[in-house]
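Notebook open, model loaded. I'm jotting things down in the order I looked them up.

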Amino acid sequence: MAYTEAERLKRHERYIRNREKIKSQSREYYLKNIEKYREKHNEYYQRNVEAMRVNHMSWARSNRKRMRKISKKYYLKNPEKCHARRALASAVKRGAVVRPKTCSRCGRIGKIQGHHHRGYSFPLDVLWVCVPCHVLLDGRANFLAAESALHPR
Ligand SMILES: [Zn+2]
């Protein structure tokens, strides 16, 4: 729009030269404002969760073969995990295990997942935690970044 091709190239070169610095600065900015980003994300999620679910369902329905292939691949890669999740889901359904409404780690309300803290050979022995705490406990996220997101200041 406003930039000429030469200006655009110049800006791009500057970006390439300082890529690492720019990346680390924006990472820093992101971590400093993570609550704001999280709020925005939550807002977006709340507004679109139903539409996303419907989209996914219709995609899954019209791609049954691919879905079957995807879940089979996942199952073959993670048989213990799948058995544990299935056992837990059926125990919750039967009422043998009660899924609490809040995270046992931080008290947040929301989607609560069972964290298999003793491993998948104990399918019903779970810690009920929110998604961010689950990510943290699984070591899926950079520990400090997640910790600062959960306990800002
Ligand atoms: Zn939590």
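I looked at α4 to see how well it is covered, and the answer is hardly: zero of its 14 residues are buried. For burial I count other C-beta atoms within 10 Å of a residue's own, with C-beta atoms placed from the backbone: 20 or more is buried, 12 or fewer is exposed, and in between is partly exposed. Helices (H or I, at least four residues) and strands (E, at least two) are DSSP runs numbered from the N terminus.

Housekeeping before I go on. This is a predicted model, so I hold local features to pLDDT of at least 70 and side-chain atom pairs to 80 or more, while totals for chains, interfaces and linings use all residues. I number residues from 1 along each chain as its sequence is written.

Back to α4, residues 64–77: its end C-alpha atoms are 20 Å apart, close to the 20 Å expected at 1.5 Å a residue. The expected span is 1.5 Å times one less than the number of residues.

I checked α2 (residues 19–32) next. The number of buried residues among its 14 is zero, so α2 lies largely in the open. Its end C-alpha atoms are 20 Å apart, which agrees with the 20 Å its 14 residues should span.

In α3 (residues 34–62) I picked alanine 60. Is alanine 60 buried or exposed? Neither quite: alanine 60 is partly exposed, because 14 other C-beta atoms lie within 10 Å. I also took its C-alpha distance to arginine 27, 33 residues away in sequence, and got 35 Å.

Then α5, residues 79–94. Its 16 residues reach 22 Å from first C-alpha to last, close to the 22 Å expected. Just after α5, I noted that glycine 95 takes a positive phi of about 90 degrees.

Strand β1 (residues 112–115) holds glycine 114. Why do I call glycine 114 buried? Because 21 other C-beta atoms lie within 10 Å of glycine 114. Leaving out residues up to four places away in sequence, glycine 114 touches Leu88, Val126 and Trp128; a contact means C-beta atoms, placed from the backbone, within 7 Å. Isoleucine 70 is 44 residues from glycine 114 along the chain, and their C-alpha atoms are 23 Å apart.

I went looking for the largest nonpolar core and found five residues: Cys103, Val129, Cys130, Cys133 and Leu136. β2 (127–130) and α6 (131–137) each supply at least two of them. A core here is a set of buried Ala, Val, Leu, Ile, Met, Phe, Trp, Tyr and Cys residues joined through C-beta atoms within 7 Å. I also listed the contacts of cysteine 133 beyond four places in sequence: Cys103, Arg105 and Cys106.

Now the whole chain. I count seven helices and two strands, in the order α-α-α-α-α-β-β-α-α from the N terminus. Buried residues make up 8% of the 153. The radius of gyration, over C-alpha atoms, is 21 Å, whereas a compact globule of 153 residues would have one near 15 Å; the globule rule is 2.2 Å times the number of residues to the power 0.38. The C-alpha atoms fill a box of roughly 65 × 45 × 30 Å along the principal axes.

Last, confidence. The mean pLDDT (the predictor's confidence in each residue, from 0 to 100) is 89, and 91% of residues reach 70 or more. Among the elements, α5 has the highest mean, 97, and α7 (residues 143–150) the lowest, 54. Where pLDDT is low, the predicted coordinates should not be read in detail.

Notes:
Contact = placed C-beta atoms within 7 Å.
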